[in-house]
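Please walk me through this structure in the viewer. Tell me what to select at each stop and what is found there.

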Protein chains: 4
Amino acid sequence: MARLNWGMIGGGEGSQIGPAHRISAGLDGHFHLAAGALDVDPARGKAYAEKLGIAPDRAYGNWREMLEGESGRDDRIDLVTVATPNSTHYEITKAFLENGFNVLCEKPMTMTVEEAEDIVETVRNSGKICAVNYGYSGYAMVRHMRAMVARGDLGKVRLVKAEFAHGFHADAADADNPRIRWRYDPAQIGPSAQFADCGIHALHLANFVSGQESQSLSADFISAIDSRTLEDDAMVNVRLDGGAVVRLWTSAVAVGRMHGLGVQVFGEKGGLRWEQEHPNQLYWTPVGGRTEILERGAPDLSPEADRASRVTIGHAEGMPLAFANIYADLAEVISAAKEGRTPDPVAMSYPTAEDGLRSMAAIRSAVDSASGNGAWTDARPPSMRG
Amino acid sequence: MARLNWGMIGGGEGSQIGPAHRISAGLDGHFHLAAGALDVDPARGKAYAEKLGIAPDRAYGNWREMLEGESGRDDRIDLVTVATPNSTHYEITKAFLENGFNVLCEKPMTMTVEEAEDIVETVRNSGKICAVNYGYSGYAMVRHMRAMVARGDLGKVRLVKAEFAHGFHADAADADNPRIRWRYDPAQIGPSAQFADCGIHALHLANFVSGQESQSLSADFISAIDSRTLEDDAMVNVRLDGGAVVRLWTSAVAVGRMHGLGVQVFGEKGGLRWEQEHPNQLYWTPVGGRTEILERGAPDLSPEADRASRVTIGHAEGMPLAFANIYADLAEVISAAKEGRTPDPVAMSYPTAEDGLRSMAAIRSAVDSASGNGAWTDARPPSMRG
Amino acid sequence: MARLNWGMIGGGEGSQIGPAHRISAGLDGHFHLAAGALDVDPARGKAYAEKLGIAPDRAYGNWREMLEGESGRDDRIDLVTVATPNSTHYEITKAFLENGFNVLCEKPMTMTVEEAEDIVETVRNSGKICAVNYGYSGYAMVRHMRAMVARGDLGKVRLVKAEFAHGFHADAADADNPRIRWRYDPAQIGPSAQFADCGIHALHLANFVSGQESQSLSADFISAIDSRTLEDDAMVNVRLDGGAVVRLWTSAVAVGRMHGLGVQVFGEKGGLRWEQEHPNQLYWTPVGGRTEILERGAPDLSPEADRASRVTIGHAEGMPLAFANIYADLAEVISAAKEGRTPDPVAMSYPTAEDGLRSMAAIRSAVDSASGNGAWTDARPPSMRG
Amino acid sequence: MARLNWGMIGGGEGSQIGPAHRISAGLDGHFHLAAGALDVDPARGKAYAEKLGIAPDRAYGNWREMLEGESGRDDRIDLVTVATPNSTHYEITKAFLENGFNVLCEKPMTMTVEEAEDIVETVRNSGKICAVNYGYSGYAMVRHMRAMVARGDLGKVRLVKAEFAHGFHADAADADNPRIRWRYDPAQIGPSAQFADCGIHALHLANFVSGQESQSLSADFISAIDSRTLEDDAMVNVRLDGGAVVRLWTSAVAVGRMHGLGVQVFGEKGGLRWEQEHPNQLYWTPVGGRTEILERGAPDLSPEADRASRVTIGHAEGMPLAFANIYADLAEVISAAKEGRTPDPVAMSYPTAEDGLRSMAAIRSAVDSASGNGAWTDARPPSMRG
């Protein structure tokens, strides 16, 4: 596979997400950071780009310059990552797609369901790839869960228990700290805080591993800290289109929990349990049998897990390698398109614009339900309400 | 403390609950099994009673004989445990209370809220003790959680996460096995299965540790196995009277989980986590600090934990010793009454008829909510609706 | 099974071991505390005995009075537990055996190998039972390990890893506290401290589960706290008579570990892992397979585990119930002898005087090895050196 | 920091260690793979090099060509990684050092103590860096352990418990499989198998975290599988030069354990515990206090931990990121030398040729001790015997 040219918008000096993307994109050598518009301050962005080894003529002052500059090149970037503030994702993603670029967009893909519908439509017309960074789906053992469900090991899935609960916003004295406050400001992030920010990852995982999409939901939102208008804790019950039920809890005031992302899947024939903080083990219990510990790197896993695994059994792999699996999938799919061949089907599990759209619909649905005393609401995007 | 006379109704040969009560009641030597009506079959019950060392004249054929026989004795039993089928609890408990006996009733205390109100009234009139066996509240570290909350370590409690989820009713092929089927038969157990059987323990723990009672709730019930008319999985959101919220999940189809009872409490100043399968550790995280592991038997716990602890640190204590703590509390309170002294205040945390009543109200409320699409319903007993 | 009469020497008010024995002996109702010489102070001992419900004529001032008193009774005690200071175990145990009593002796059975040989000889001549309280062998899952090895699940055992390491004697400032100092005083406890006190439990478990006895060993003793003349940390390598090797670590200065008793067994066909602080789970890995979690109370365990289990799966059982299993075994064996029947073979795994003798030989051997720079020494009692 | 040129010898297509080095070296963007002699088959090596993006004129047929080619360039590589078969490490490392290259050598650095002494001498004369890949010392929490010891949190270190025990060579039926057999062939790997291969990592960690070097040791080696002449399980007791003792167990027949690398450190004031399979948590217990869980990424760790950490708390980091920390240190030190500045002192903890030498001496010492019935032998290299 030839090395691909990669560009980045946002993720400038001091950002958290920038280095994570660069580590993950570069990790397997598939992508070369060739272009960037890294900062709202053009000078700072260019300086940082050069520091990262980007050629001066591809260190752009803003995304519009970058779109124009790259569009005119023969060696134009094969993929652009959009890691800018949430409210700009839609505009940038759409513009790049329309100009024939593949995009990996940070979540949320858009601010509204309507914009998300528009992105899906744009993708369809452009023939390009639009991935959304639900990066936890890149973990080897998450992919193995999905593979086990898909091949029937669990029989029909009945129930998914999903959690994403941390305690880092529990300090009332710190709630007005700007570092935290913006996360609960409707003007900046829309009508949902904790569910849209963290819960949605858990919901994506629930959909991803069960192979079932959300149909309707009932949500209970609370603000444990009074000064917040948006929720910092939520419980959401979801009915999936394959008949399973999701029990999803997300919290930012669960003191003592760190990342707190985990998923359990219960089916007719057995149950699975996985936790993101110890991602290399998966617990599997067949009905009537004993719990078995499946280790990442073991010889008896699925092709999906094998593809997403780099080091031998007993060595921990962590989050940057999970994110790198999303990039590795994109590299395969983009390369296959360039080389005129069929991509490895095992690489086809990265999250797409459809996932981004479904998330926006689920968030709107949860907000509506929560403000309606938990009334059940349709969780599907309008265009998918067959 | 003089040894007290104890009697048992139900818990005959082959029952599970009988030996658990006998181990727990006898463990500290406070209670001596002096009388019993152990079986619906009088002959079998008497034979078993004698095997257990009960004198022939106190091995009764049924509870009415026992009530009559014991009422006439100077050395009448100080406490009777009612461990008969659920539908008989009310009648027996009421009769013994009215005749001046102290009662420990297995849960559920009654089949209806109205009966439960009547028991509470009966207790009030009789001046006797009626305890209900929410035995998990006897664990040393559960009592320490309650003590920490009560003394203000957590500040105001915001959120309680409670679970009681196992997977032993997940096998559809086994669902019609009589051993399991009766648990989902409305005629035998009333309008709720898994929530009333297991979830209610988790709710009692949530109330017990937070020191707050249930005010309103919203419930989502499902039957993962189609042939069941009652729920085998439930999610319940509860608002407590002190402002905290409970997120309670209970399931019988969570394959891979054994007992699966646990509680987490999150307050303004810190969070606590405890799991019944590893009951000797409690995890405490102050806001902004590190998680600490509190060990049962450590020298720096509360009087409540110390009283409920028998062996030294690092040795596991388990369920029979937790149940024994309920009996130890009752022994103290009954003895104090006999001796005309004030009981040790640390012994006053056993579950009472009021708890039994609150549970019945919560079950009715959950059934109503679940059948009303999750509408919020009042969870309080009518007599406690201020 | 008729209730048996039980007596206790030592274990007076305020002792730790007394309540543990009383809880364990009484737990299943097999033993009734009928006689006792509970304290070195006769008056205190008698007063406490009456408090515990012992009849005044069987509340003795010392063990000699008790021996005489009980010898003359028709309802003499069926078993006496010796829980006095170590240096008196030999004399008391021997006297009771010679007068036809069954004995359960706290460890160490004696202070020297020669005394231990004498006890074994005395047992042989008396036809009575002498058990030694290596109580950890009473855990259900420890017994299951032994059963799995015995029935060949592991193939030939190659290696046993055993640990008993805590950190409660690590505070140099506290080393002269009388509560701790006596444990390192050769005059009171003999030539070994931590190995003889704790390590020997781990060695007994290694022998118990592997079904192999110690043949030779090499020991490294250190005193982490300078003021101690005896070891507070030891590493011992042992060769067993079936070809397996034991790696045994014991420590009293391993800060952060509580009880720290655990055993791992590795054989040709698989490996097992068990830890006393979470005693209800056993981890089993067949060669080439996945690790499985075996839960106490599961339906697919051995008769040995089933016999040693009282409550249902998912409920913790702890140390008092393990000790109770030793008493339950003794009840069965003593009752069978009284009733002239063959005892249940599954009850035959309690530790015996031979185990007590082997322990004394292993301690002497370890002391010799450690003082000889780790030279390999014969670990067998002289009478067992085939 | 300008990107550095990096070269690799060995690590060709299909090797396990090659990708691990490339991921780790490339992860932070410090090193660019500029040259390579990747395979014993020159054509295969060149083809693979080009696939990896190495320019054709720097894709060498063997290490001698590479040494010659790179020596003549202005943009010569700043660092070469030696990942060839063990027996060639010495010759290649020495040659590159003598020609002014910095080297990162896979372990073992050499086959004998004498060769290792020679490398140390060569490093001294060359003024270049020679690092040895004891990569586990790159974990953030391992570095934090070292920092806590160095700043006195534990007081004087008394005891280190170190383990590296897996079960992947336990299958006797598979012992002659070439994939495994070479690891126990003295002709290929020298006089020690499991201790030299795995145990030495645990010993390096013990030295690394305690800040104390090995002085003398006593070893017990066994071959659990009869057909092996070299050990597959070893117990080693070590006396360190600061007075601490190491208890080190290593095994390849511990079925059920995966990687099984862990270290516990016990000092006057507290104890630490860390396990490589869950590397993001460190357990700390002050004497007399509670165990605390330290999380990688927490705000209250040491500069050493902070430097070695890339993603936020609650996200797992794994082995490739630990190895990358070794590369990041080398990048800093090499860059500082090129730029004529003092390197960040926090970057100075990578393993050096002295560590490689100490390891060779410890292996020889262990072999001598084990073949001498565990006699204590000097563990220091001759040149370091004060």
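Select C:N373, which sits in the loop between α12 (353–371) and β14 (377–378) of chain C. The model is a predicted one. Look at the backbone of C:N373: phi is near 60°, a positive value in a residue other than glycine.

**Two helices in chain C**

Stay in chain C and select helix α6 (residues 140–150) together with helix α9 (residues 194–210). At what angle do their axes cross? The crossing angle is roughly 40°, and the axes of α6(C) and α9(C) come within 7 Å. That makes α6(C) oblique to α9(C), because an angle counts as oblique if it is neither under 35 degrees, nor over 145, nor from 65 to 115.

Now show the side chains where the two helices meet. From α6(C), select C:V142, C:M145, C:R146 and C:V149; from α9(C), select C:L205, C:F208, C:V209 and C:S210. By class, this contact of α6(C) with α9(C) holds 6 nonpolar residues, 1 polar and 1 charged.

**The sheet in chain D**

Move to chain D and colour its open sheet of 5 strands, which has the order β2-β1-β3-β4-β5 with parallel pairing. Which strands are at the edges? They are β2 (31–37) and β5 (130–132) of chain D, and each pairs on one side only. From one strand to the next, the twist averages 25°. In general, the strands of a sheet pair through backbone hydrogen bonds, either parallel or antiparallel.

Zoom in on strand β1 (residues 4–10) of chain D, which pairs with β2(D) in the parallel sense over 6 bridges. To find a matching pair of positions, select D:G7 and then D:A35 in β2(D), which stands opposite D:G7.

Next, add helix α11 (residues 319–339) of chain D to the view. This helix lies across β1, β2, β3 (79–83), β4 (103–105) and β5 of chain D. Relative to β1(D), helix α11 of chain D runs at about 130°.

**A cis peptide bond in chains D and A**

Select D:K107 and D:P108 and look at the bond that joins them. Is this peptide bond cis or trans? The bond is cis, with omega near -5°. D:P108 is placed in the loop between β4 and α5 (113–126) of chain D.

Go to chain A and select A:K107 and A:P108, where a cis peptide bond has omega of about -5°. The loop that holds A:P108 runs between β4 (103–105) and α5 of chain A.

**Two domains in chain A**

Keep chain A on screen and colour it by the domain assignment: domain 1 covers 4–132, and domain 2 covers 138–312 + 356–371. How far apart are the C-alpha centres of the two domains of chain A? The distance is 27 Å.

Then look at where these domains touch. Here 14 residues of domain 1 of chain A are in contact with 9 residues of domain 2 of chain A. Helix α5 (residues 113–126) of chain A gives the most to the domain 1 side, with 5 residues. The domain 1 side of this contact divides into 9 nonpolar, 3 polar and 2 charged residues.

**Chain D against chain C**

Show chains C and D together. How many residues does each chain bring to the contact? Chain D brings 34 residues and chain C brings 34 residues. On the chain D side, β6 (157–165), β7 (214–222), β8 (233–240), β9 (245–251), β11 (270–275) and β12 (281–286) each supply at least two residues. The largest share of that side, 4 residues, comes from β9(D). Sorted by class, the side of chain D that touches chain C has 15 nonpolar, 12 polar and 7 charged residues.

Superpose chain D on chain C: a turn of 180° and a shift of 0.0 Å along the axis give an RMSD of 0.0 Å. In chain C, 100% of the interface residues of chain D are also interface residues, so the copies meet through the same surface.

**Chain D and chain B**

For the last stop, show chain D with chain B. Chain D can be laid on chain B by a turn of 180° and a shift of 0.0 Å along the axis, with an RMSD of 0.0 Å. That is the relation of a two-fold axis. To find the rotation axis, select D:E292, the residue of chain D that comes closest to that axis, at 2.2 Å (C-alpha).

How values were computed
Residues are numbered from 1 along each chain as its sequence is written. Chains are lettered from A and ligands numbered from 1 in the order in which they are written. This is a predicted model: local features need pLDDT of at least 70, side-chain atom pairs count only at pLDDT 80 or more; totals for chains, interfaces and linings use all residues. Two residues are in contact if their C-beta atoms, placed from the backbone, lie within 7 Å. Ala, Val, Leu, Ile, Met, Phe, Trp, Tyr, Cys and Pro count as nonpolar, Asp, Glu, Lys and Arg as charged, and the others, Gly among them, as polar. Two strands pair if DSSP finds at least two bridges between them. Axes are lines fitted to C-alpha atoms, for helices over the stretch in contact, and angles run from 0 to 180 degrees between N-to-C directions. Copies are superposed by least squares on the C-alpha atoms of residues with pLDDT of at least 70 in both. Domain bounds come from an automatic or database domain assignment.
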